[in-house]
Amino acid sequence: MHMIIYTLVEASTRDDAVATGKAVFDRLVGADPHGGAVFDYFVTFDQEGTTVAGKARWGDLPVAARVNSDEGQELLERGWEATKSEFQRNLNRVQEALDELSDDEIMRDENLARHAFHQVGAYDGPSIFLYDEHGCGIRHQGQLDRIVDESDDLWVVPADVHF
């Protein structure tokens, strides 16, 4: 499966932002020796020659955009709204499981209940769409606000990832 994720990085230029963003994505696919693979691979929107990912799948997106620009705000909003939507979807599944299933059924992962529990608590992976420059998932509004407020040179870099 493919999805677009976004990383927020501090950089003085677009090229620096893209390089830092790629380093974050490397960590998330396990290419960095200190990172664990959360996704299988990534394609950024400056990469040419792929027929199944990046621009070929999603169309043109900015390679990187300053968060305080219109493009940057749009990318940031897309990432945050996707994170909130996925969290709510999984939280609803958890609440339904608690209301409708027995403890044994939950333990057996009936209707993928335990998977939903896991996704609600996830720090990275398919239920998290925004990451900081260390590859850590941005999981709540306060964390996002702090990152945005603490930097004057913040960029958002999107990538198509496969999981």
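**Reading salt bridges, burial and phi**

Author: Glutamate 48 has a relative accessible area of 62%, so this residue is exposed. The model is a predicted one.

Reader: Where is the line drawn between buried, partly exposed and exposed?

Author: Under 20% relative accessible area is buried, over 50% is exposed, and anything in between is partly exposed. Glutamate 48, at 62%, therefore counts as exposed.

Reader: With which residue does glutamate 48 form a salt bridge?

Author: The general idea is a side-chain nitrogen of Lys or Arg within 4 Å of a carboxyl oxygen of Asp or Glu. Here the partner of glutamate 48 is lysine 55, and their closest N and O atoms are 2.9 Å apart. Lysine 55 is partly exposed, at 29% relative accessibility.

Reader: How many salt bridges does the structure hold?

Author: There are eight. Among them is a bridge between the side chains of arginine 14 and aspartate 15, with an N to O distance of 3.9 Å. That distance counts because the cut-off is 4 Å. Arginine 14 is partly exposed at 39%, and aspartate 15 is exposed at 57%.

Reader: What separates glutamate 86 and arginine 89 in helix H3?

Author: About one helical turn, because the two are three residues apart in H3. They form a salt bridge, the closest N and O atoms lying 2.7 Å apart. Glutamate 86 is buried, with a relative accessibility of 16%, whereas arginine 89 is partly exposed at 43%.

Reader: Is asparagine 90 buried or exposed?

Author: Asparagine 90 has 1% relative accessibility, so it counts as buried. This residue is in helix H3, which covers residues 70-100. Leaving aside residues up to four places away in sequence, asparagine 90 touches Ala116, Gln119, Val120 and Ser127.

Reader: Now backbone angles. What sign does phi have in most residues other than glycine?

Author: Negative, as a general rule. Asparagine 111 has a positive phi, near 55°, and is not a glycine. Leucine 112, also not a glycine, has a positive phi of about 55°.

Reader: Where does asparagine 111 lie?

Author: In the loop between helix H4 (103-107) and helix H5 (113-120). Leucine 112 lies in the loop between H4 and H5 as well.

Reader: Which class of exposure does leucine 112 fall into?

Author: Leucine 112 is partly exposed, with a relative accessible area of 49%. The upper class starts over 50%. Asparagine 111 passes that mark at 60% and therefore counts as exposed.

Conventions. Residues numbered from 1 in each chain as written. Predicted model: local features only at pLDDT ≥ 70, side-chain atom pairs only at ≥ 80, totals over all residues. Heavy atoms only, no water. Helix = DSSP H or I, 4+ residues; strand = E, 2+ residues; numbered from the N terminus. Buried < 20%, exposed > 50% of the residue type's maximum accessible area, 1.4 Å probe, protein only. Contact = heavy atoms within 4.5 Å.
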